[in-house]
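Good morning, colleagues. I would like to speak briefly about aromatic side chains, beginning at the surface and then turning to ring pairs.

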Amino acid sequence: MSVIELSNAKYDSSYYVSKAQVIANLGYKNPSTDADERQRAIWQILEDERLSLEIRCKYDCKNLGSRESDYYKYFQTRSPGEEDVTEFYEEFYVLEKHRKRIIFGMIVAGEFFVFLGNKRVRAHEMGIENGYESLCDIVIVDSHSPMTDIEKCKLAHRLARVGNKHQDTTRDKT
């Protein structure tokens, strides 16, 4: 797993432009200009809150937050849950389809919990468990000043609600 970090990063607009460009250079949609308003809204919150962003490539899912954890409920969980995980696994690892959006989460109590892209990260976990090399790239969100786990859960819940906001679009039938 590799980490992409900008040295001497300041939490100003150029910091976020640079981070968004790194994400785009990895082949993902730029979250600051994505057509999905939820992506743009979350990116704006990250900027407004001056949060730090660490981009990790080929995340191995070894410290992926447990579904049984008390923290899990604060992160992105949708009703009816994780039903499309197998579809994403097949798209990413069997059919080798390009991944469109990077996954966002936070480290709480040593585990990585996802507030944007939970089904996708579970599909990557499935791929790794089935012997594939990880294709999972993530953004770890944190604060440049220490945050308690409770503060992280509050922020993650807020961000997950934005990410779960219903869109007035229909899914492609193909």
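For the purpose of this talk, a patch is made of residues with over 30% relative accessible area and no salt bridge, and nonpolar side chains are joined into one patch within 5 Å. Please bear in mind that this is a predicted model.

With that definition, V94, L95 and Y132 make a nonpolar surface patch of about 280 Å². The tyrosine of this group, Y132, sits in the loop between α4 (118–129) and β5 (138–143). Its relative accessible area is 35%, so Y132 is classed as partly exposed.

I turn now to the ring pairs. A pair of aromatic rings is described by the distance of the centres and the angle of the planes. Counting rings whose centres lie within 6.5 Å, one arrives at twelve aromatic pairs.

Let me take Y59 and F112 as one example. Their ring centres are 5.3 Å apart and the planes stand at 65 degrees, so this pair is edge-to-face. Y59 belongs to the loop between β2 (51–57) and α3 (85–94), whereas F112 is in strand β4 (residues 111–116), so the contact ties together parts that are 53 residues apart in sequence. Both Y59 and F112 are buried.

A further example is F88 with F92. Here the centres lie 5.7 Å apart with the planes at 25 degrees, and the pair is therefore stacked. Both residues lie in helix α3, four residues apart, which is about one turn of the helix. F88 and F92 are both buried.

Finally, ring pairs also link Y11, Y15, Y16, W43, F104 and F115 into a cluster. Thank you for your attention.

How values were computed:
Residues numbered from 1 in each chain as written. Predicted model: local features only at pLDDT ≥ 70, side-chain atom pairs only at ≥ 80, totals over all residues. Heavy atoms only, no water. Patch = residues over 30% accessible without salt bridge, like charges linked within 9 Å, V, L, I, M, F, W, Y side chains within 5 Å. Areas by Shrake-Rupley, 256 points an atom, 1.4 Å probe, with all protein chains shown as cover. Salt bridge = Lys/Arg side-chain N within 4 Å of Asp/Glu carboxyl O. Helix = DSSP H or I, 4+ residues; strand = E, 2+ residues; numbered from the N terminus. Buried < 20%, exposed > 50% of the residue type's maximum accessible area, 1.4 Å probe, protein only. Phe/Tyr/Trp six-rings, centres within 6.5 Å; stacked < 30°, edge-to-face > 60°.
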